Amino acid sequence: MSNDVMTSPGRFAPAAYGDRPRPEGLADVLERVLDKGIIIAGDIRVNLLDIELLTVKIRLLVVSVDKAEEMGIDWWRHDPMLTVRERGLAEENEALQQRIDELESSGGADRG
Amino acid sequence: MAEHGRYLYAVCRDLDVEELDGLLGLEDAIVDGVEAEGLVGLVSSVDLDEYGEEGLRRNLESLDWLETAARGHDAVVQAAAALAPTAPMRLATVFRDDEGVRRRLVEQHDPISRVLDRIEGHEEWSVKVLTRSARDLGADGATPATSGTEYLRQRKNEQEAREAGARDAHATAERVHDALVRVAVASRRLPPQDPRLTGHTGTMVHNAAYLVPRGESDEFNAVVSDMSAAHSEVRIDARGPWPPYSFAMLDDQ
């Protein structure tokens, strides 16, 4: 189980500068440099609003649910992977149940 | 002849610019310091064809370009944070010239100083809690179904196990968070990340940043290890230290 505990230092990329280890996940880097840090207006006017508008596609990649408040107790229900899987399973169950009903009723008819 | 602007990475305090020692930023340009009332803005020259309004508009649509810029930005922030209190800027803060940078630093001196006061001597840790993947929670070792009803029963059990797993994982995530905030001075919850970007399996039920005093990382990670040992039903992924990006926001932001 300890190999599931991804703590320092084993998972770090080599330091690019100095001795500090650099975490390497792209999602981690993007969520910090795009969403965090100090916002001050530069002379190039694209830097604030436009980033927020233009990187919508990137944001969709960084954020898997639409709103942070959906991180409540049931946000995992909105996980598209999970939802698709559950829906597929339900349909499969229904089809099988129907087939069993058919077999059982035809078996009953034979005996009768 | 390409026009150039000045890209601002971060604002530091008590930084001796000499210590940057030829650090290279975006487009392999030398990183310089712009001083203003005790603050030092870290800047380098960027081609405005790439970092001007039009260039950014085009480039930000490219994940490859964005990755290069984001990692280049982060590399400078990391290097500075190793030397002095450092407040990172958001990506793509670009000025016409050093005078523009200096003017803004003077204007924002007090709010930026308050951010530096808050983060000085601290670093950030990123902690995620993930459910075991559906495969882990699924029908491992189940005997093949010999009838339709048996098959249905197995599938139902798997589904229930998955749902219970997700509910339990969420409760576990709250316990992990509660334990970590006791050894952190501040925390900030972040939205879960998309597996298409991270490649993770399972469901990310918790993603948060913790501000930890420099030198107390071992204690923080010990709590992570304890929680991992106590909750094998989830994976706990702790990474860092990061410069305190998630805690470097101006008061009104």
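Helices (H or I, at least four residues) and strands (E, at least two) are DSSP runs, numbered from the N terminus. Axes are lines fitted to C-alpha atoms, for helices over the stretch in contact, and angles run from 0 to 180 degrees between N-to-C directions. This is a predicted model, in which local features need pLDDT of at least 70 and side-chain atom pairs count only at pLDDT 80 or more, while totals for chains, interfaces and linings use all residues. Residues are numbered from 1 along each chain as its sequence is written, and chains are lettered from A and ligands numbered from 1 in the order in which they are written.

**Stop 1: chain A and its first helix**

Select chain A. Its secondary structure consists of 4 helices and 0 strands, in the order α-α-α-α from the N terminus. Of its 112 residues, 27% are buried (20 or more other C-beta atoms within 10 Å of the residue's own; 12 or fewer is exposed, in between is partly exposed, and C-beta atoms are placed from the backbone).

Now select helix α1 of chain A, residues 26–35. This helix is mostly covered, with 9 of its 10 residues buried. Among the buried ones are A27(A), V29(A), L30(A), V33(A) and L34(A). Just after the helix, G37(A) has a positive phi of about 85 degrees.

**Stop 2: where α1(A) meets chain B**

Add helix α3 of chain B, residues 63–81. At what angle do the axes of α1(A) and α3(B) cross? They cross at roughly 75 degrees and come within 10 Å. That makes α1(A) roughly perpendicular to α3(B) (65 to 115 degrees; under 35 counts as roughly parallel, over 145 as roughly antiparallel, and the rest as oblique). On the α1(A) side, the contact is made by L26(A), V29(A), L30(A) and V33(A). On the α3(B) side, E67(B), A70(B), R71(B), H73(B) and D74(B) take part. Contact here means C-beta atoms, placed from the backbone, within 7 Å.

**Stop 3: the largest nonpolar core**

A nonpolar core is a set of buried Ala, Val, Leu, Ile, Met, Phe, Trp, Tyr and Cys residues joined through C-beta atoms within 7 Å. The largest one has 79 residues, and those touching the most other members are A10(B), L42(B), V76(B), A80(B), A87(B) and Y210(B). Helix α3(B) gives the most to this core, with 9 residues. Centre the view on V76(B). Leaving out residues up to four places away in sequence, V76(B) touches Y9(B), A10(B), L23(B), G25(B), V31(B) and L42(B).

**Stop 4: the two sides of α5(B)**

Select residues 109–119 of chain B, which form helix α5. Here I112(B), V115(B), L116(B) and I119(B) are buried. Why do they lie on the same side of α5(B)? They cover an arc of only 100 degrees around the axis, which puts them there; the arc is that of the directions from the helix axis to the C-beta atoms. On the other side, D110(B) and D117(B) are exposed. The buried residues pack against β1 (4–13), β3 (39–47), β4 (86–88) and β6 (122–131) of chain B. Just after the helix, G121(B) takes a positive phi of about 75 degrees.

**Stop 5: the four-stranded sheet**

Show the strands of chain B in the order β7-β8-β6-β9, which make up an open, antiparallel sheet. Strands β7 (186–189) and β9 (234–242) stand at the edges with a single partner strand each, so one side of each is left without a neighbour in the sheet. Neighbouring strands are turned by 20 degrees against each other on average, direction ignored.

Select β8(B), residues 204–213. Of its 10 residues, 9 are buried, so β8(B) is largely enclosed by the rest of the structure. It pairs with β7(B) over 4 bridges and with β6(B) over 9; pairing requires that DSSP finds at least two bridges between the strands. Bridge partners to pick out are S187(B) with Y210(B) and A186(B) with L211(B). K128(B) stands opposite N207(B).

**Stop 6: around the sheet**

Add helix α9 of chain B, residues 217–230, which lies across β6, β8 and β9 and runs at about 170 degrees to β9(B). V224(B) belongs to this helix.

Finish at F247(B), in the segment after β9 of chain B. With 22 C-beta neighbours inside 10 Å, F247(B) counts as buried. The residues it touches, not counting those up to four places away in sequence, are R118(B), I119(B), E124(B), A186(B), R188(B) and L211(B). F247(B) and E124(B) are 123 residues apart along the chain, and their C-alpha atoms are separated by 8.2 Å.

How values were computed
Contact = placed C-beta atoms within 7 Å.
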